Amino acid sequence: MTLYILAHTDTVGTAEYNLRLSTRRAQAIARWFRQNGLRIPMAYDGVGESMPKVKTADEVDEPRNRRVDYMLGVEPPRFKHSGATPSWKRAD
(Lines give C-alpha, C1' and ligand atoms only; values in the text may rest on other atoms or scores of the structure.)
Protein backbone atom coordinates (compact mmCIF):
# COMPACT_ATOMS: atom_id res chain seq x y z
CA MET A 1 0.00 0.00 0.00
CA THR A 2 1.31 3.46 -0.94
CA LEU A 3 0.05 6.92 0.03
CA TYR A 4 -0.10 9.09 -3.11
CA ILE A 5 -0.03 12.86 -2.52
CA LEU A 6 -1.12 15.12 -5.38
CA ALA A 7 -1.00 18.91 -4.98
CA HIS A 8 -2.77 21.61 -7.03
CA THR A 9 -2.79 25.40 -7.39
CA ASP A 10 -5.13 28.10 -8.62
CA THR A 11 -4.42 30.03 -11.84
CA VAL A 12 -2.62 33.01 -10.29
CA GLY A 13 0.91 33.08 -11.72
CA THR A 14 2.40 31.30 -14.70
CA ALA A 15 1.66 27.65 -15.41
CA GLU A 16 5.36 26.83 -14.93
CA TYR A 17 5.51 28.56 -11.56
CA ASN A 18 2.33 26.82 -10.40
CA LEU A 19 3.67 23.43 -11.44
CA ARG A 20 6.82 23.97 -9.36
CA LEU A 21 4.77 25.35 -6.45
CA SER A 22 2.43 22.37 -6.40
CA THR A 23 5.34 19.91 -6.54
CA ARG A 24 7.04 21.65 -3.60
CA ARG A 25 3.72 21.63 -1.72
CA ALA A 26 3.26 17.87 -2.24
CA GLN A 27 6.86 17.19 -1.23
CA ALA A 28 6.51 19.28 1.94
CA ILE A 29 3.39 17.38 2.94
CA ALA A 30 5.11 14.02 2.35
CA ARG A 31 8.03 15.22 4.48
CA TRP A 32 5.63 16.28 7.26
CA PHE A 33 3.95 12.86 7.25
CA ARG A 34 7.35 11.13 7.45
CA GLN A 35 8.59 13.39 10.25
CA ASN A 36 5.39 12.70 12.19
CA GLY A 37 5.71 8.95 12.10
CA LEU A 38 4.04 7.68 8.91
CA ARG A 39 6.08 4.68 7.80
CA ILE A 40 4.23 3.38 4.73
CA PRO A 41 5.64 4.07 1.25
CA MET A 42 4.70 7.49 -0.13
CA ALA A 43 4.81 9.08 -3.57
CA TYR A 44 4.08 12.69 -4.47
CA ASP A 45 3.65 15.01 -7.40
CA GLY A 46 2.20 18.39 -8.29
CA VAL A 47 0.04 19.17 -11.28
CA GLY A 48 -0.15 22.95 -10.90
CA GLU A 49 -3.31 24.45 -12.34
CA SER A 50 -4.04 21.61 -14.79
CA MET A 51 -6.75 19.86 -12.71
CA PRO A 52 -8.93 22.63 -11.22
CA LYS A 53 -11.77 21.76 -8.91
CA VAL A 54 -13.50 24.96 -10.03
CA LYS A 55 -12.93 26.18 -13.61
CA THR A 56 -11.80 29.81 -13.68
CA ALA A 57 -10.16 32.26 -16.04
CA ASP A 58 -6.43 32.90 -15.78
CA GLU A 59 -5.16 34.86 -12.76
CA VAL A 60 -8.23 34.05 -10.61
CA ASP A 61 -7.56 33.55 -6.89
CA GLU A 62 -9.76 30.49 -6.21
CA PRO A 63 -9.07 28.89 -2.80
CA ARG A 64 -10.88 25.64 -3.71
CA ASN A 65 -8.28 25.00 -6.42
CA ARG A 66 -5.39 25.25 -3.94
CA ARG A 67 -5.65 21.77 -2.50
CA VAL A 68 -3.98 18.41 -1.97
CA ASP A 69 -5.48 15.00 -2.73
CA TYR A 70 -4.47 11.94 -0.71
CA MET A 71 -5.00 8.49 -2.21
CA LEU A 72 -4.11 5.04 -0.86
CA GLY A 73 -3.46 2.36 -3.43
CA VAL A 74 -1.50 -0.63 -4.57
CA GLU A 75 -1.12 0.90 -8.05
CA PRO A 76 -0.53 4.57 -8.92
CA PRO A 77 -3.81 6.48 -9.47
CA ARG A 78 -4.81 7.30 -13.05
CA PHE A 79 -6.73 10.37 -14.11
CA LYS A 80 -8.46 9.66 -17.43
CA HIS A 81 -10.13 12.99 -18.15
CA SER A 82 -7.88 15.46 -16.38
CA GLY A 83 -5.28 16.36 -18.99
CA ALA A 84 -2.53 15.79 -16.42
CA THR A 85 -0.40 12.70 -15.89
CA PRO A 86 1.38 12.75 -12.54
CA SER A 87 5.03 11.75 -12.55
CA TRP A 88 5.12 10.11 -9.11
CA LYS A 89 8.28 10.62 -7.08
CA ARG A 90 9.08 8.41 -4.09
CA ALA A 91 9.19 10.25 -0.78
CA ASP A 92 12.12 9.29 1.44
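Start with the contacts across the whole chain: among those between residues at least 6 apart in sequence, 75% join residues at least 24 apart. The model on screen is predicted.

**Whole chain**

Show the protein as a cartoon. One helix and four strands are present, and along the sequence they follow the pattern β-α-β-β-β. The radius of gyration is 13 Å, close to the 12 Å that the globule rule gives for 92 residues, so the protein is as compact as a globular protein of that length. Turn the C-alpha trace along its principal axes, and the spans are about 40 × 25 × 20 Å.

Now switch on the surface. The protein exposes about 5800 Å², and carbon and sulfur atoms supply 54% of that area. Of the 92 residues, 37% are buried.

**Strands S1 and S2**

Select residues 42-46, which form strand S2. How many of its five residues are buried? Five of the five are, and the strand is mostly covered. Show the side chains next: Met42, Tyr44 and Gly46 point one way from S2, while Ala43 and Asp45 point the other way.

Add residues 2-7, strand S1. S1 and S2 pair in the parallel sense, over five bridges. For one place to look, pick leucine 6; its bridge partner in S2 is aspartate 45.

**From S2 to S4**

Keep aspartate 45 selected and add lysine 89. The two form a salt bridge, with the closest N and O atoms 2.6 Å apart. Aspartate 45 lies in strand S2 and lysine 89 in strand S4 (residues 89-90), so this pair ties together parts that are 44 residues apart in sequence. Buried or exposed: which word fits aspartate 45? Its relative accessibility is 5%, so aspartate 45 counts as buried, the cut-off being under 20%. Lysine 89 is partly exposed, with a relative accessible area of 29%.

**Around arginine 66**

The structure holds four salt bridges. Select aspartate 10 and arginine 66 to see another of them; here the closest N and O atoms are 2.7 Å apart. This pair links distant parts of the chain, 56 residues apart. Aspartate 10 sits in the loop between S1 and helix H1 (15-35), and arginine 66 sits in the loop between S2 and S3. Aspartate 10 counts as buried because its relative accessibility is 7%. Arginine 66 is partly exposed, at 37% relative accessible area.

Leave arginine 66 on screen and add aspartate 61. Their side chains also meet in a salt bridge, 2.4 Å from N to O. Which residues do the salt bridges that share partners join into one network? They are Asp10, Asp61 and Arg66. Aspartate 61 has 52% relative accessibility, so it counts as exposed, the cut-off being over 50%.

**A nonpolar patch**

For the last stop, clear the selection and pick leucine 72. Leucine 72 is found in strand S3, residues 68-73. Its relative accessibility is 58%, so leucine 72 counts as exposed. Add Met1 and Val74 and turn the surface back on. Together with Leu72, these residues make a nonpolar surface patch of about 360 Å².

Terms used: Residues numbered from 1 in each chain as written. Predicted model: local features only at pLDDT ≥ 70, side-chain atom pairs only at ≥ 80, totals over all residues. Heavy atoms only, no water. Patch = residues over 30% accessible without salt bridge, like charges linked within 9 Å, V, L, I, M, F, W, Y side chains within 5 Å. Areas by Shrake-Rupley, 256 points an atom, 1.4 Å probe, with all protein chains shown as cover. Helix = DSSP H or I, 4+ residues; strand = E, 2+ residues; numbered from the N terminus. Buried < 20%, exposed > 50% of the residue type's maximum accessible area, 1.4 Å probe, protein only. Rg over C-alpha atoms; globule rule 2.2 N^0.38 Å. Contact = heavy atoms within 4.5 Å. Pairing = 2+ DSSP bridges.
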